[in-house]
Each structure stands twice: as C-alpha cells, then as structure tokens.
Amino acid sequence: MSQLNAIMADDAKRQASYEAGHERIRFCGYCHGEDGNSKREYIPNLAAQHPLYLFNQFEKFRDGTREDYVMSKLAKTLSLEERINIAVYYSQQTAKPRTGGDPTKVDAGGKLFAMRCAGCHGENAQGFRDMPRLGWAAG
C-alpha cells in the first residue's frame with residue numbers, strides 16, 4: 001500500500017503507472033471495458049473507484065479471500081507492479097452511470113441511501129479506500 005500511496009502522491013509516477021496500466025488492461029477490458037465501464041450488468045464497473053479499493057480487491061482474489069473463476073486465476077499471474085498499475089489506470093477513468101433504472105424510485109432510494117449507505121460509501125456514493133464507489137454514482 002505504501003508503494004501505491006507514493007505513486008498516487010506524485011504526478012509523474014502516477015502518469016507512468018497509468019500508462020503502464022493501460023498497456024496491461026487489454027484482457028481486463030473485455031469484461032470491465034477499456035474505460036472501466038462494463039457493458040454487462042453482472043460485471044462491475046471499475047472506473048473512478050479508489051485505487052486502494054481496487055488494489056485490495058486484487059489482493060483478495062490473489063489470496064483466495066474473494067473468489068471468481070477468472071479473477072482468482074488472473075490475480076495470481078500479475079506482478080505487484082502490474083496490480084498497482086491496473087488499479088491506478090482504472091481509478092483515473094470517468095464513471096458513466098448505468099441506465100435503465102426506475103425514475104419513480106429515485107426519491108425513496110435516495111432516502112434509503114442516506115440512512116443506510118452513506119456512512120460507508122460516502123455522501124455522494126464515491127466510496128473510500130475500503131468501500132467501493134456505487135455503480136450509479138457519477139464520476
């Protein structure tokens with residue numbers, strides 16, 4: 001985590017990591033989208049997630065804490081540097097809200113979110129290092 005924090009704190013290192021991550025995400029892009037916005041509802045968007053959150057998920061897939069047929073195998077093949085670069089790359093992408101929600105439920109959902117979700121995911125659903133940005137949150 002200290003290596004990732006150092007990269008995120010330095011503009012030149014972050015840019016170099018971003019570019020290296022972009023080179024490495026070719027396979028990731030098939031499912032999560034090159035820009036981190038998945039075209040499939042059952043595959044999460046990675047765009048604009050906190051880089052530490054993304055990195056921590058890689059580590060969970062790598063050590064077996066979290067399991068997925070593809071991700072568990074993939075995480076074990078990537079070096080520490082590659083995992084960091086991919087997390088940096090996707091964290092710098094712009095999230096595109098998913099479409100197709102029911103607009104009549106917006107008010108009720110907003111109230112429910114404020115009561116039960118905002119404490120962990122943030123007032124605007126932007127997430128933190130341990131909690132994901134929610135899929136419907138903009139950028």
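A disulfide, for the purposes of this talk, is a pair of cysteine sulfur atoms within 2.5 Å. By that rule, the predicted model before you has a count of zero disulfides.

Let me take two cysteines in turn. Why is Cys-31 not bonded to Cys-28? The sulfur of Cys-28 is the closest cysteine sulfur to that of Cys-31, yet the two are 8.8 Å apart, which is too far for a bond. As to its surroundings, Cys-31 has a relative accessible area of 33%, so it is classed as partly exposed.

Cys-120 is likewise in no disulfide. For Cys-120, the nearest cysteine sulfur belongs to Cys-117, at a distance of 8.5 Å. Cys-120 also counts as partly exposed, because its relative accessibility is 42%.

I turn now to the overall fold. How many helices and how many strands does the protein have? There are eight helices and zero strands. Following the chain along the sequence, one therefore reads the pattern α-α-α-α-α-α-α-α.

Next, the dimensions. For a protein of 139 residues, a compact globule would have a radius of gyration near 14 Å; the value here is 15 Å, which agrees with that expectation. Along the principal axes, the C-alpha atoms fill a box of roughly 45 × 30 × 25 Å.

How much of the chain is buried? Of the 139 residues, 37% count as buried. Considering contacts with a separation of 6 or more, 61% are accounted for by residues 24 or more positions apart in the sequence.

Regarding the surface, the accessible area of the protein comes to about 8,600 Å². Carbon and sulfur atoms hold 55% of that area. On the matter of charge, the protein has 19 positive and 17 negative charges. The mean position of the positive charges lies 4 Å from the mean position of the negative ones.

I close with one residue that colleagues may wish to locate in the structure, namely Ser-17. This serine lies in helix 2, which spans residues 11-24. Is Ser-17 buried or exposed? Ser-17 is buried, because its relative accessible area is 4%, and the cut-off for burial is under 20%. Which residues does Ser-17 touch, once those up to four places away in sequence are set aside? The partners are Ile-7, Ile-84, Asn-85 and Val-88.

To restate the points on the cysteines: the count of disulfides is zero, and both Cys-31 and Cys-120 are partly exposed. Ser-17, by contrast, is buried.

Terms used. Residues are numbered from 1 along each chain as its sequence is written. This is a predicted model: local features need pLDDT of at least 70, side-chain atom pairs count only at pLDDT 80 or more; totals for chains, interfaces and linings use all residues. Side-chain values use heavy atoms; hydrogens and water are left out. Helices (H or I, at least four residues) and strands (E, at least two) are DSSP runs, numbered from the N terminus. The radius of gyration is taken over C-alpha atoms; the globule rule is 2.2 Å times the number of residues to the power 0.38. Buried means under 20% relative accessible area, exposed over 50%, partly exposed in between (1.4 Å probe, protein chains only). Contact means heavy atoms within 4.5 Å. Accessible areas come from the Shrake-Rupley method with a 1.4 Å probe; for residues, only the protein chains shown count as cover. Lys and Arg count as positive and Asp and Glu as negative; His and the chain ends are not counted. The place of a charge is taken as NZ of Lys, CZ of Arg, CG of Asp or CD of Glu.
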